[in-house]
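Hello,

Here is the structure I promised to pass on to you. Please open it first, and then read my notes below at your own pace.

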Amino acid sequence: LNASTSGLGSSENENSNKEEKLFFSYIGVSYSRWMNSNSNEDEDVLNELDQEWATSFQAKNKAIQREMEAIAVENKVLETEIEILNKAGNRIVNLNKKKHELNSDIAKFNGFILKLEKTIKKLTKIKDEKILEHELRSKEFELNL
């Protein structure tokens, strides 16, 4: 890419052209005023022109400085947003890990519940058998008496 086709180069090229135009305008106006003045006024005319151009450049510098300050503030805001988003991203990752761990715990508890239910069935069957056995013994005892 060359300066005339890229976005940044194009902007830099435009700024360079503007500065060249300003410089040549300054030279042209200086020359014209110098040509139209008499020799006594030469220094005053040139000093006045220099002061006008200095004031113009100071105003442009102030505008550029304000723009740079605004960009710096915007940059700080964007950096803060990026930091918040990075923290949020880490939080999301941590929450996803926690979700996975909790889902794993749920699966383990469900397996444990199934084992307990089987154990309860076995113990209930044993209890029912013992009750039945006890009832049979009681009946036998009554019959034997």
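**What I found**

Glu-133 is partly exposed, with a relative accessible area of 34%. I start with this residue since it takes part in a salt bridge: the side chains of Glu-133 and Arg-137 meet there at 2.8 Å, N to O. Its partner, Arg-137, is exposed, at a relative accessible area of 54%. Both residues belong to helix H2 and are 4 residues apart, so about one helical turn separates them.

Before going further, please keep in mind that this is a predicted model. The average pLDDT of the protein is 83, and 84% of the residues score at least 70. Please take care with residues 1-9, where pLDDT stays under 50. For that stretch the model has 4 contacts beyond four places in sequence.

**The overall picture**

How many helices and strands does the protein have? There are 2 helices and 0 strands. Helix H1 covers residues 7-36, and helix H2 covers residues 42-144. Of the 145 residues in the protein, 6% are buried. The accessible surface comes to about 13,200 Å², and carbon and sulfur atoms account for 59% of it.

**The salt bridges**

As a general point, side chains of opposite charge can pair when their charged atoms come close. In this model the count comes to 2 salt bridges. One of them is the Arg-137 and Glu-133 pair described above.

Another salt bridge joins the side chains of Lys-87 and Glu-83, at 3.4 Å from N to O. These two residues also lie in helix H2, 4 residues apart, which is about one turn of the helix. Is Lys-87 buried or exposed? Lys-87 is exposed, because its relative accessible area is 53% and the cut-off for exposed is over 50%. Glu-83, at 46% relative accessibility, counts as partly exposed.

**The aromatic pair**

The structure holds 1 aromatic pair. The rings of Trp-53 and Phe-57 have centres 6.2 Å apart and planes at 35°, so this pair is tilted. An angle under 30 degrees would have counted as stacked, and one over 60 as edge-to-face. Trp-53 and Phe-57 are 4 residues apart in helix H2, with about one helical turn between them.

What about the exposure of these two residues? Trp-53 has a relative accessibility of 14% and counts as buried, because the cut-off is under 20%. Phe-57, on the other hand, is partly exposed, with a relative accessible area of 39%.

**A nonpolar patch**

Which residues make the nonpolar surface patch of about 320 Å²? They are Phe-23, Phe-24 and Ile-27. Among them, Phe-23 is found in helix H1. Phe-23 counts as partly exposed, at 47% relative accessibility.

If you would like a place to begin, try the Trp-53 and Phe-57 rings in helix H2, and then turn to the patch made by Phe-23, Phe-24 and Ile-27.

Best wishes

How values were computed. Residues are numbered from 1 along each chain as its sequence is written. This is a predicted model: local features need pLDDT of at least 70, side-chain atom pairs count only at pLDDT 80 or more; totals for chains, interfaces and linings use all residues. Side-chain values use heavy atoms; hydrogens and water are left out. Buried means under 20% relative accessible area, exposed over 50%, partly exposed in between (1.4 Å probe, protein chains only). Accessible areas come from the Shrake-Rupley method with a 1.4 Å probe; for residues, only the protein chains shown count as cover. Patches are made of residues with over 30% relative accessible area and no salt bridge: like charges are joined within 9 Å, nonpolar side chains (Val, Leu, Ile, Met, Phe, Trp, Tyr) within 5 Å. A salt bridge is a side-chain nitrogen of Lys or Arg within 4 Å of a carboxyl oxygen of Asp or Glu. pLDDT is the predictor's confidence in each residue, from 0 to 100. Contact means heavy atoms within 4.5 Å. Rings of Phe, Tyr and Trp (its six-membered ring) pair if their centres lie within 6.5 Å; planes under 30 degrees apart count as stacked, over 60 as edge-to-face and the rest as tilted.
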